[in-house]
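User: Hi! I'm new to this one and would love a tour. Could you show it to me?
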Amino acid sequence: MVSSTQNGSAKPAEEALNLPALVGINLGDSFASIAVLTKEGLAECIANEDGERQIACAISFFGEEMYIGSPAKAQLVKNAKNTIVGFRNLLGKKFSEIPQSQIPTSALIIQHPEIPDEPAYKVEILQPAPAPLPKSTTGTPAASSAPTPRSEPIPAERILTVSEVTTIFLKSLLQSAEDFLGKKVQGAVITVPSTFTDAQKEALENAATDAGIPVLQLSDESAATAAVTTTEIWGATLPSDRTQLIVDVGSSSLSLSLLAIREGLAHVLASSSSTSAGGTAIDSKLITFFANEFTKKTKTKLTVCSENPSTADARAEAKLRLAVEHTKRTISASSGAATCSVESLKDGLDFTGSINRLRFDMLVRPIYDSVVRAVVDLLESAKIDPHLVDEIVYVGGTTCLPGLDEHICLTGGFNEDINTPFSMGTVIGGGVGDPTTVLARGSALQAALIASLTGEDEDLRNAFERGSDLLQVKTTSKSLGLVFPDDSGNETGGTWIPLLPAETTLPARRTVTFDVGLSEKSKRLAFELWEVSEGIRVEKIKPEKGEAVDDDDDEEEEEEEIEAKHKTIVKEGLLGAAEAEAALGIKGISQSKAAGKWTTTVEATIIVAVSGAVDVSVREIGKGGIVATIKVSAP
Amino acid sequence: MASIQTSILPKGYTRPDPSKASIAGPSTRRLLPVGPAFISHLRLTLKHQHSFEAHDAHAEKQRQKLEEFQNSFANGDDDLGVGEEPETEELLALDPKEWKKHDYYAVLGLSHLRYKATPDQIKIARKHHPDKKVTTTAPQSTSSLLAGVNLNTNDDAFFKCIAKAHEVLTNSEKRRQYDSVDHELMEFQEEDPNPNSFSKSKKELSDHEFFETFTPVFEREARFSKKTPVPTLGDIHASKEHVEGFYDFWYNFDSWRSFEWLDKEINEGSDNRDDKRYTEKKNKSERARRKKEDIARLRLLVDLTLSLDPRIKRIKQQEKEAREAKKAAKSAPPSGAATPLKSKAQEEEEKKKQEEVENAAKSDAKKAKAAAANAAKKARRAARAAEEGSVA
């Protein structure tokens, strides 16, 4: 027997064995990623056998070989007609639905020869040669005087449906995950864009099942993102009730979702998606920039991204398209200049160019602008002031660009101290906010959540089925809170204690603890339950006249007013009031700020039932404390 | 604590009437099915009919179940009574280079057991991982550049200390040497009762005080006995046999205590053989001196105890009474006539008796001292023999 430990065992470490074999798969149009659960109960994006965490969605056939991932993408240069990319968006679509006007840079989509109205790819492959000798029933080859037949593979054509291509690709992802985990995958959640129709989801689910993936759920991309952003590790420093904007920039599309997160429960307030911006558009801008640079340097004409396919240098463009991927990543990761180098770009001339961040941002400004426009449109349609958005979350490789974050924050009209993964510093170094891995990690967490529903909770799994009506919930439309009246004369007429924010899923219960001030003689306390709406007060501030006039050239003095926005509370209606005599007032001890003041600590609990009935109770903390309640009937 | 504080209610405040009968109509939204909060919401909706009370009851039940589950694990894993002792800052700051001076029982979290700790308990006592860094003692940098950087380069020091403590306490010979000069013991011995403190002012000890003072002392010294079990001091009602047996044992105490631990380090690096021999010789004589001192200390302690023991007086008294009774029984005095003539004769007799008792006590003390001297001699001889044996 051979000792298996001599050169290290092939068995994975004990820790890996104990982890549940659940994976999250993010299947994008251009890149896919896989995440598994770590022993800390978090999810982590893993690399495939090529060491790639961002696995290019490409399959290429070359001779007898099949390439998947980035090696396949590299084949776009010299083997474009046998390389398949961008297949995810065609899933579940009919041939007649696919626009045919695009210039082919990869394998051509054709009508399937047998199945009607089915798109398919035709690739040229080499089939292995048939066995050199005919099989005989006796086991020994029959004696033959003929020379041994040739053993070269035979050129052949292979027709692949989109579904088959997806299955091949998903199978390779599954293989990578199982190689990492060292055991069979027990469950997986796969992301789908929110624009996917039921037919497309159906097609994806079938392809995944064919690939042998035990699909637990197809999760919306916004849901997969929320699965990460509602976790403790993400929002430790953020308020538990917040409005979150998800900006997902894919290769060819831009989708935005505005979520209301209320103590871990998330629902969509508004969403939109468009094809106005995307990574490919940025690529095109960069390619054009570098092509011009090349022409300038070498005096060789290079036409790229041209409308007329006959004049375009398709091969050079393909080479550049592969090279600028690297440039974009460098720009995202470092503040310095990023290079782009291509060997033998055209006419045997090499090219090396560089671009710095400022230049890059100027170049792709139109794309940034279209993202901001989409954001503003979405907020307008949802009637939510940008100032009320608490957090922006980025998804997709393109959003790793710090320039995009800056542009959105500056021109979107957001609050100055809005939280973004960049402001929280969680983008770099594999932080939780890394836009390229958010979706995969979210789906892995989702898989863990669904798999944890066993035993008596097994029936709760129905809620994760597609189109489950359990997801339809009632939410409050206005915020609720208490006013403790005083003579301060502010706009609320007292101290405002927020209890329940708007857009909270019903039934809801919240508890707030605070101190109530008392006068020394009477221990009377009173409070009112108000329904309010949150608004924005715009204050115009005249900028102070700058004394330091920069130059001698007499510029016209600009008396432009700066708009400062403040969050305000507008009282909408009084729902009830109550008063009581406090029993447990205490006097603040000396030296503290509250010296000599009488206070009592109370706990206010609000319960809003599904019907809309409100029940507020204010209870003094401690033995013998009083309780005062307000009840409001259902609308 | 609560961070919000409301102001005082104005005096003229009157409760306003509600302007609205109910909250604005709820809107319908579509939840994203993610996170534990969603599962909790589902349970609330599907299983508890939106009732928070039922939901709370369920959560409490789940929590209890989990606790039970965890407890079942805790019971299965017996810690042999080692328990958990906190790692104080002082401990964590120990310098492994000063290992000779460490309190190994404290390092291993066994200071409540000390010499009573069994080898099994020592085996499972405090474990540390070399990667577990001691950040509590790290100097905090004020520079923003170094924020979060652990400046303590000696952060596996405590791990080294633990390894050393394990090494010493798991080796029976080394443990014997260490236990002989245990930190705690040395501290206690300094506070031991000595004849000077009792000679003058506190000559008179109540019975209670006597036992309170000496019982723990002998309990502590008992650990060094080669013979077991060691008789205890007992209480005021102890029998004559017990008391005699106790003093007999302690005057012939056979101790395994030795003082190798306090040896001067032999300079291993030096090639000078003479140097080494000189240090060895010095150490040997030092050990012998300490042993002698220890024996003398113990003897002094037992002497002191004997002189203060209220039971000895009682036993003497009893013996005397017994003798008197015997005498009285022998020469039964003629009753009646002698009574009025009592005065002088009786007084004389009493005086005589007293003298007798005093003499007896004196001779007893003499005897005891002689016995003690003998025992000490014997012990010295034994120690010498043992030393010679170990040297040979």
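Analyst: Happy to! Keep in mind that this is a predicted model. A good place to begin is an open sheet of 4 strands in chain A, in the order β15-β14-β13-β18, with mixed pairing.

User: Which strands are at the edges there?

Analyst: The edge strands are β15 (265-274) and β18 (391-395) of chain A, and each of them pairs on one side only. On average, neighbouring strands in this sheet are turned by 20° against each other, ignoring direction.

User: How do β13 and β18 of chain A run, parallel or antiparallel?

Analyst: They run parallel: 5 bridges join β13 (residues 241-249) to β18 in chain A. If you want a pair of residues to look for, A:I246 stands opposite A:V393 in β18(A).

User: What packs on that sheet?

Analyst: Helix α10 of chain A, residues 365-381, packs on it. The helix touches β13, β14 (254-262) and β15 of chain A, and its direction makes about 45° with that of β14(A).

User: Nice. Let's switch to the β8-β9-β10 sheet of chain A. What is the pairing there?

Analyst: That open sheet has 3 strands in the order β8-β9-β10, and the pairing is antiparallel. Since β8 (109-111) and β10 (154-161) of chain A stand at the edges with a single partner strand each, one side of each is left without a neighbour in the sheet. Here the average turn between neighbouring strands is 50°, direction ignored.

User: How many bridges are there between β9 and β10 of chain A?

Analyst: There are 8 bridges, in the antiparallel sense, between β10(A) and strand β9 (residues 119-127) of chain A. Within that pairing, A:V123 stands opposite A:R158 in β10(A). Helix α3 of chain A (residues 162-181) packs on this sheet, touching β9 and β10 of chain A, and its direction makes about 100° with that of β10(A).

User: OK, new topic: how many residues of chain A are in contact with chain B?

Analyst: 77 residues of chain A are in contact with 48 residues of chain B. The two chains bury about 5,700 Å² between them, and 61% of that is on carbon and sulfur atoms.

User: And how many salt bridges are there between chain A and chain B?

Analyst: The count is 2. In one salt bridge, the side chains of A:E503 and B:R29 meet at 2.7 Å, N to O. As for polar contacts across the interface, 9 residue pairs are found.

User: Which strand of chain A gives the most to the side that touches chain B?

Analyst: That's β22 of chain A (residues 508-518), with 9 residues. By class, chain A's side of the interface has 40 nonpolar, 22 polar and 15 charged residues.

User: Which strands of chain A and chain B are joined by 4 bridges?

Analyst: Strand β19 (residues 472-475) of chain A and strand β1 (residues 27-30) of chain B, which run antiparallel. There, B:R29 in β1(B) is the bridge partner of A:V473. You've met B:R29 already, in the salt bridge with A:E503.

User: Last one: where's the cis peptide bond?

Analyst: It joins A:L506 and A:P507, with omega at about 0°. You'll find A:P507 in the loop between β21 (494-500) and β22 of chain A. One other backbone detail: A:S344, in strand β16 (residues 338-346) of chain A, has a phi near 50°, a positive value in a residue other than glycine.

User: Why point those two out?

Analyst: Because most peptide bonds are trans, and most residues other than glycine have a negative phi.

Technical notes: Residues are numbered from 1 along each chain as its sequence is written. Chains are lettered from A and ligands numbered from 1 in the order in which they are written. This is a predicted model: local features need pLDDT of at least 70, side-chain atom pairs count only at pLDDT 80 or more; totals for chains, interfaces and linings use all residues. Side-chain values use heavy atoms; hydrogens and water are left out. Contact means heavy atoms within 4.5 Å. Buried area is the accessible area (1.4 Å probe) that two parts lose on being put together, summed over both. A salt bridge is a side-chain nitrogen of Lys or Arg within 4 Å of a carboxyl oxygen of Asp or Glu. A polar contact is a pair of N or O atoms within 3.5 Å; within protein, one must be able to donate a hydrogen and the other to accept it, and residues adjacent in sequence count only if both atoms are side-chain atoms. Helices (H or I, at least four residues) and strands (E, at least two) are DSSP runs, numbered from the N terminus. Ala, Val, Leu, Ile, Met, Phe, Trp, Tyr, Cys and Pro count as nonpolar, Asp, Glu, Lys and Arg as charged, and the others, Gly among them, as polar. Two strands pair if DSSP finds at least two bridges between them. Axes are lines fitted to C-alpha atoms, for helices over the stretch in contact, and angles run from 0 to 180 degrees between N-to-C directions.
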